[in-house]
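Student: Could you take me through one part of this protein up close? I'd like a sheet and whatever sits around it, in plain words.

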Amino acid sequence: MTHWRFVCIHGHFYQPPRENPWLETVEQQDSAQPYHDWNQRITDECYAPNTGARILDSQGYLDRLINNYEWISFNFGPTLLSWLETHDPKTYKAILEADDRSKKHFSGHGSAIAQVYNHIIMPLANRRDKITQVRWAIADFESRFRRKPEGMWLAETAVDLETLAILATHGIRFTILSPFQASRVRPIGRASWSDVRGGRIDPSRPYLCRLPGGESISLFFYDGPISHAVAFEGLLNDGHAFATRLLSGFAPDRDGAQLVHIATDGESYGHHHRFGEMALSRAIADLQGHSRVRLTNYAEFLERFPPRYEVEIFEASSWSCAHGVGRWSYDCGCNSGAHPEWNQAWRAPLRAAMNWLRDEAARLYEREASAYVTDPWLARDEYIQVVLDRSADTISRFLARHQSHSLSADERVRLFQLLEMQRHCLLMFTSCGWFFDDISGIETQQILLFAARVMQLAKKVAGVDYEPTFLKTLEGAKSNLPQFVNGAHIYELFVAPNIVELDRVAGNYALLMLLEDARPSGRFYAYEVSATNRCKRSLGEREFLVGEMRVRSVATTEEATFVFGAQKLSEDEIQAYVAPSDAKLFSEFMAKMQQGDCDRQLTVGLGTFTDIFPNEPLTLRALFRDDLRRLVYHLLNAPISQAIATMCSLYNENAALMRFLSALNVPLPTVLKTMTQFVLTHKLVEAFENENASPDDLRASFQEARRWEFELDTERLDHAVRCALQRATARLEANPNDIANLEKLLAVAEVAFALPLRTNIWKAQTTFYHVVCANYPIIKARADSDKNLWEAQEWVRLCEQVAKLLRVRLPEKKG
């Protein structure tokens with residue numbers, strides 16, 4: 001009897017597109033604190049740690065690292081990879097390298113598979129959008145992984161036969177579904193079917209799905225119970241147990257090849273489950289050491305063991321809705337469970353509003369774009385090449401291929417406005433907008449931002465105003481929270497204020513030039529700005545900056561020139577005036593400014609120059625979110641510093657008295673206790689953050705805090721400790737022979753591990769691991785060979801102390 005046993009672990013790594021559609025950047029998300037946004041937070045907790053996952057020895061010391069992606073099957077959402085490429089290129093590169101190396105393990109088949117572009121629910125999309133989603137997904141994958149994808153992940157595994165046919169006609173060999181999406185199976189060539197409803201399909205083999213047009217595609221149905229245990233039952237608490245559970249999936253007496261495979265959100269490995277990436281790496285190591293089991297990926301297994309059974313599926317089904325795809329279209333009853341008293345009746349009117357807007361925008365696009373390109377929908381499908389690379393060369397090639405005639409500059413603007421309108425029509429169907437419990441959530445706000453961009457561009461191109469009808473439909477989407485009323489109110493509250501025109505870009509940048517001395521020309525979010533002709537004046541504490549600025553949208557190539565005036569009359573009276581450029585008026589105004597002829601008028605402010613600036617000014621409230629936060633915090637620096645100094649002074653003046661009360665077991669008054677907790681936390685955080693603080697300074701701050709035995713601000717301290725450890729190990733990595741770097745790292749580690757924290761030290765620990773692997777054996781050999789080499793002796797002593805604290809196994813002690 002021949003037993004072929006294989007294990008495949010699939011991770012679906014995905015975040016919804018979170019970019020502000022006008023700025024093309026993810027703005028600060030307060031709910032992700034202490035991180036800037038959720039992409040950054042989940043990258044630090046999951047995506048990055050999986051590129052160098054720790055495997056511990058029997059004593060809990062770091063013994064080796066592996067790139068988990070190299071040994072599993074995985075997909076990354078294209079919009080997430082785009083973010084990683086810009087914001088964490090090291091992690092991005094490691095993911096691509098893992099796919100490349102996986103080909104050596106798996107018979108030339110890379111472990112990465114594609115994903116429908118922005119995670120839309122395919123059965124709820126029209127055919128045209130399905131095709132674009134697949135084509136954009138393939139193009140994005142090929143541009144990153146430098147090969148064609150063999151498989152493709154469907155958002156929420158939501159599937160219908162039309163979607164499978166589109167995958168098949170585009171060269172996709174397989175996809176992965178839930179066992180509950182299978183209806184019946186039979187051996188290929190046999191007439192009778194076996195009912196496998198209710199998740200009863202055998203997941204250990206691939207299945208052939210024959211499609212109405214004569215195409216076919218292979219389907220894998222993951223092991224439901226083991227996948228559920230990983231995602232929801234705490235199986236990742238123990239990597240050995242994880243491997244054992246995977247091995248339990250094999251039928252012991254069955255002949256032939258068997259595949260035990262699971263599929264979960266990739267975020268299970270580190271974000272949903274703390275240290276989940278370590279459980280995964282431990283399980284991988286255990287499986288690699290098993291003589292009768294081999295790790296594989298889907299493409300390799302499919303090549304070795306083609307389907308011998310065929311399957312029929314339930315159409316319009318998914319892995320996260322028991323009612324098919326109701327979770328993204330009506331109040332089916334599926335929700336997070338966090339608010340059982342709420343309803344999701346808002347989903348239906350939200351879907352209706354989006355469908356209506358999509359269809360109206362499609363008619364407008366087809367009509368208007370036909371004046372500029374030979375095939376509007378083919379142009380949309382291939383616009384992904386411009387999205388991936390907005391260089392002049394790429395744009396020229398795109399136009400050469402699609403334009404119906406040589407387009408003027410204005411025609412180009414209109415064409416790219418139409419294409420951007422269609423891009424946002426796709427983005428506004430991102431599944432997360434319907435997934436959660438209330439329409440007021442940030443995920444739904446995000447897709448409404450995309451819809452607002454669609455309506456803005458439609459109005460620019462054709463003068464049509466879709467907003468009234470759209471909002472009327474959204475009035476029927478009632479929020480569960482009374483303060484948010486309905487979708488229309490949420491739109492007015494959270495979406496409308498974010499809509500950006502070029503004059504607002506000019507006003508924002510004018511304020512940054514005035515307050516932060518921003519350079520006069522360059523890239524500003526998704527725009528190019530140039531304000532070389534400008535004049536700055538100061539009258540006492542009042543500051544003024546006037547000039548002329550050209551603003552150009554990188555995406556649509558739309559541009560305009562504005563006259564601007566920014567003024568700071570006081571700390572709380574900061575404004576920017578913007579108006580379309582009038583060359584004659586502006587020239588006269590600049591002459592007055594440069595000669596000081598308008599000083600008297602300036603004492604009142606730029607608002608008196610109504611011939612130049614007839615409109616109301618922009619205030620700080622109109623600044624883009626990240627700029628607003630940065631400037632406001634800058635303005636608050638002085639009062640905050642004063643408040644901290646006052647509290648520190650009060651603490652110092654009363655410390656002896658408070659210690660006396662403590663010695664007498666007299667509880668401190670609440671006001672003194674609160675002040676002391678703040679001051680002690682502040683001093684300790686400041687010591688961690690101060691790169692120039694000596695090791696003794698850090699230890700002294702810790703000893704002072706420990707004497708009081710107060711509960712400190714652990715969230716703030718945890719962030720400070722993690723960053724301090726990362727900075728200290730990074731300094732050591734940059735200059736590993738510097739003993740001072742080891743001394744500082746030792747002090748940081750001693751204090752960090754004495755605090756009652758559960759800090760994730762992955763980055764610091766792995767950086768130190770790389771340092772000792774490269775340097776410890778060499779310096780240790782030098783120190784052992786000559787006891788007079790004091791520096792080598794001291795380096796080894798300090799390194800061994802740090803290794804003990806960071807629990808890193810030193811190279812010479814291996815094996």
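Tutor: Here is a walk through one sheet, its helix, and then a surface patch further along the chain. Keep in mind that this is a predicted model. The sheet is an open one with six strands, running in the order β15-β16-β17-β18-β19-β20, and the pairing is antiparallel. At its edges sit β15 (521-524) and β20 (618-619), each of which has a pairing partner on one side only. Now zoom in on β18, residues 559-570, and β19, residues 573-580: eight bridges join these two strands, again in the antiparallel sense. If you want one spot to click on, try Ala 566, whose bridge partner in β19 is Ala 576. Then there's helix α20, covering residues 583-595, which packs on this sheet. It touches β16 (527-539), β17 (542-553) and β18, and its direction makes about 40° with that of β16.

Carry on along the numbering and you get to α22 (625-663) and α23 (670-689), with a loop between them that holds Val 666. Is that valine buried, exposed or partly exposed? Val 666 counts as partly exposed, because its relative accessibility is 36%, and the partly exposed class runs from 20% to 50%. Val 666 also has company: together with Leu 657, Phe 660 and Leu 664 it forms a nonpolar patch on the surface, and the four share about 370 Å² of accessible area.

Terms used. Residues are numbered from 1 along each chain as its sequence is written. This is a predicted model: local features need pLDDT of at least 70, side-chain atom pairs count only at pLDDT 80 or more; totals for chains, interfaces and linings use all residues. Side-chain values use heavy atoms; hydrogens and water are left out. Patches are made of residues with over 30% relative accessible area and no salt bridge: like charges are joined within 9 Å, nonpolar side chains (Val, Leu, Ile, Met, Phe, Trp, Tyr) within 5 Å. Accessible areas come from the Shrake-Rupley method with a 1.4 Å probe; for residues, only the protein chains shown count as cover. A salt bridge is a side-chain nitrogen of Lys or Arg within 4 Å of a carboxyl oxygen of Asp or Glu. Helices (H or I, at least four residues) and strands (E, at least two) are DSSP runs, numbered from the N terminus. Buried means under 20% relative accessible area, exposed over 50%, partly exposed in between (1.4 Å probe, protein chains only). Two strands pair if DSSP finds at least two bridges between them. Contact means heavy atoms within 4.5 Å. Axes are lines fitted to C-alpha atoms, for helices over the stretch in contact, and angles run from 0 to 180 degrees between N-to-C directions.
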